[in-house]
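Q: Please take a close look at a single part of this predicted model and follow its surroundings outward. Which contacts and annotated sites should be considered along the way?

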Amino acid sequence: MIVLADHHDRQFRYLRLSLTDVCNFRCGYCLPKGQQLDPQRPALLTLPEIRHLIEGFVALGIEKVRLTGGEPTLRSDLVDIVRAVAAVPGIRRVALTSNGWNLRDRLADLQAAGLTQLNLSLDSLDAARFQAITGSSRFEAVMAALEQAIALRLPILKVNAVLLKTLNYPQLSDFVEFVRDRPISIRFIELMQTLDNHDYFQQEFLSGSVLTEQWLAQGWQPIKRDRTAGPAQEYCHPNYQGKLGIIAPYSPNFCQNCNRLRVTSRGALRLCLFGTGEFDLRPWLQHPDQRSQLLEQVQQTLSFKTAGHQLAEANSGDTRNLATYGG
Ligand SMILES: Nc1nc2c(ncn2[C@@H]2O[C@H](COP(=O)(O)OP(=O)(O)OP(=O)(O)O)[C@@H](O)[C@H]2O)c(=O)[nH]1
Ligand SMILES: C[S@@+](CC[C@H](N)C(=O)[O-])C[C@H]1O[C@@H](n2cnc3c(N)ncnc32)[C@H](O)[C@@H]1O
Ligand code: SF4
Ligand code: SF4
């Protein structure tokens, strides 16, 4: 059995596949300048192309696929995509990251199609603040999706909130209270600098260590992580059903356990979220007979994966925003 590995002793069993780079929200940290999509851009990957892609990556040892974007729920064929990905022998987990705007009524179908985990982005528990951060008035719909996901008992359910110094940190206790009786994990992501969000970053960045110091003082305990764990350090507390977590890309060694590769919505392999360049795989996604060429291309390209990002040096690579590469 092949396992994809790089020169930095890291293994890759997790693929993040962007289904679209288009989004209907305008989160200030992500798309502060709106979307500037190239009118000449290639079409989105089709369902057959996605199937060939996943079959190829499974042959390289990938077991988990996260569907993301842009906003993946904008794809009208989302349920079919989940079903197709889940049906590939060797795929153990199919996850979705979404802003939740139109998710509530589709969740049961997604679960029936094979969705095993959902990460919902929710930057505030207050409707007005939510709108100020995301540019969307769909707070109630997102909350309804979250409550529906809890009711459906999706095997893994997490909430992502970007940590913002003035826009949500002052209301941190709202989130902590939220997990008292709900069995979900709320993860705070350190705001990352992109080419588009310079001013927002200067104003809103706050180190995750501010939160963890408070949590430790309040009796939250770090949960032991294994080497294959995702980027979040989670904390639990005997008086709370849910968990809290931090995703801290600015902390040392964050990239040491990188376990993920990305493919864009137009079929390009992106080795690092904050890297440069991408490698077009689409020519090898047209027919199952091209499998060996696809595998060879991915393995060769992987040798270019760098040890990590250079965000601490304010170098975001060529990443304009995370909507383009799927976060
Ligand atoms: N710098 C960096 N940030 C990442 C990476 N992966 C995830 N993040 C950040 O963490 C956020 C949350 O990621 P999710 O889409 O919830 O996925 P995840 O944390 O890998 O989820 P799990 O599958 O639950 O481990 C992303 O949107 C990014 O902001 C990564 O490889 N590098
Ligand atoms: C790019 S979005 C794509 C999926 C979907 N639109 C959503 O928001 O969940 C994935 C995640 O990236 C996070 N994100 C976007 N830009 C970010 C930034 N500059 N720093 C940290 N996280 C960011 C969002 O909060 C979201 O949780
Ligand atoms: S974070 Fe997600 S929801 Fe917000 S603008 Fe970016 S892609 Fe859209
Ligand atoms: S920044 Fe790049 S190397 Fe670091 S964890 Fe993310 S994708 Fe991996």
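A: Gln193 occupies the loop that runs between strand S8 (185–190) and helix H7 (198–204). With a relative accessibility of 9%, Gln193 counts as buried, because the limit for that class is under 20% relative accessible area. Once neighbours within four places in sequence are left aside, the contacts of Gln193 are His198, Phe201, Gln202, Tyr250, Phe274, Leu311, Ala314 and Ser316.

The annotated positions come next. In the UniProt record, the feature "binding site" is placed at Tyr29, Gly70, Ser121 and Met192. Two of these positions, Tyr29 and Ser121, are described here in detail.

Tyr29 belongs to the loop between strand S3 (14–20) and helix H1 (47–59). Its relative accessible area is 14%, so Tyr29 is buried. Beyond its neighbours within four places in sequence, Tyr29 is in contact with Asp123, Ile133, Val162, Leu164, Leu191, Asn197 and Tyr200.

Ser121, by contrast in its setting, is placed in strand S6 (residues 117–121). A relative accessible area of 25% makes Ser121 partly exposed. When residues up to four places away in sequence are not counted, Ser121 touches Thr97, Ser98, Asn99, Val142 and Asn160.

A further "binding site" annotation from UniProt covers Cys255, Cys258 and Cys272. These cysteines are spread over 18 residues of sequence, yet they cluster in space, with a largest C-alpha distance of 9.8 Å. Cys255 is found in the loop between strand S11 (243–247) and strand S12 (260–263). At 18% relative accessibility, Cys255 counts as buried. Apart from neighbours within four places in sequence, Cys255 is in contact with Arg10, Ala307, Gly308 and His309. Cys272 lies in the loop between strand S13 (268–270) and strand S14 (279–280). Cys272 also counts as buried, at 14% relative accessibility.

The packing of helices H1 and H9 may be considered next. The axes of H1 and helix H9 (residues 291–302) come within 10 Å and cross at roughly 65°. This crossing of H1 and H9 is right-handed. On the H1 side, the contact is made by His52, Leu53, Glu55, Gly56, Phe57 and Ala59, and on the H9 side by Arg291, Leu294, Leu295 and Val298. Sorted by class, the contact of H1 with H9 has six nonpolar residues, two polar residues and two charged residues.

Glu55 and Arg291, both named in that contact, also form a salt bridge, in which the closest N and O atoms are 3.2 Å apart. Since Arg291 lies in helix H9 and Glu55 in helix H1, the pair ties together parts that are 236 residues apart in sequence. Arg291 is partly exposed, with a relative accessible area of 29%. Glu55 likewise counts as partly exposed, at 26% relative accessibility.

Another salt bridge links Glu63 with Arg92, the closest N and O atoms being 3.9 Å apart. Glu63 lies in the loop between H1 and strand S4 (64–69), and Arg92 in the loop between helix H2 (78–86) and strand S5 (93–98), so this pair ties together parts that are 29 residues apart in sequence. Glu63 is partly exposed, with a relative accessible area of 25%, whereas Arg92 is exposed, with a relative accessible area of 62%. Through salt bridges that share partners, Arg13, Glu63 and Arg92 are joined into one network.

Asp77 forms a salt bridge with Arg75, and here the closest N and O atoms are 2.9 Å apart. Arg75 counts as buried, at 9% relative accessibility. The count of salt bridges comes to 13, including the pairs Arg291 with Glu55, Glu63 with Arg92 and Asp77 with Arg75.

To return to the starting point, Gln193 is a buried residue in the loop between S8 and H7. Its contacts include His198, Phe201 and Gln202. The UniProt "binding site" positions include Met192, and Tyr29, another of those positions, has Leu191, Asn197 and Tyr200 among its contacts.

Terms used:
Residues numbered from 1 in each chain as written. Chains lettered and ligands numbered in written order. Predicted model: local features only at pLDDT ≥ 70, side-chain atom pairs only at ≥ 80, totals over all residues. Heavy atoms only, no water. UniProt positions renumbered as here; feature names shortened; annotations may be inferred. Helix = DSSP H or I, 4+ residues; strand = E, 2+ residues; numbered from the N terminus. Buried < 20%, exposed > 50% of the residue type's maximum accessible area, 1.4 Å probe, protein only. Contact = heavy atoms within 4.5 Å. Axes fitted to C-alpha atoms, helices over the stretch in contact; angles between N-to-C directions. Left-handed = near helix turned anticlockwise from the far one by under 90°. Nonpolar A, V, L, I, M, F, W, Y, C, P; charged D, E, K, R; others polar. Salt bridge = Lys/Arg side-chain N within 4 Å of Asp/Glu carboxyl O.
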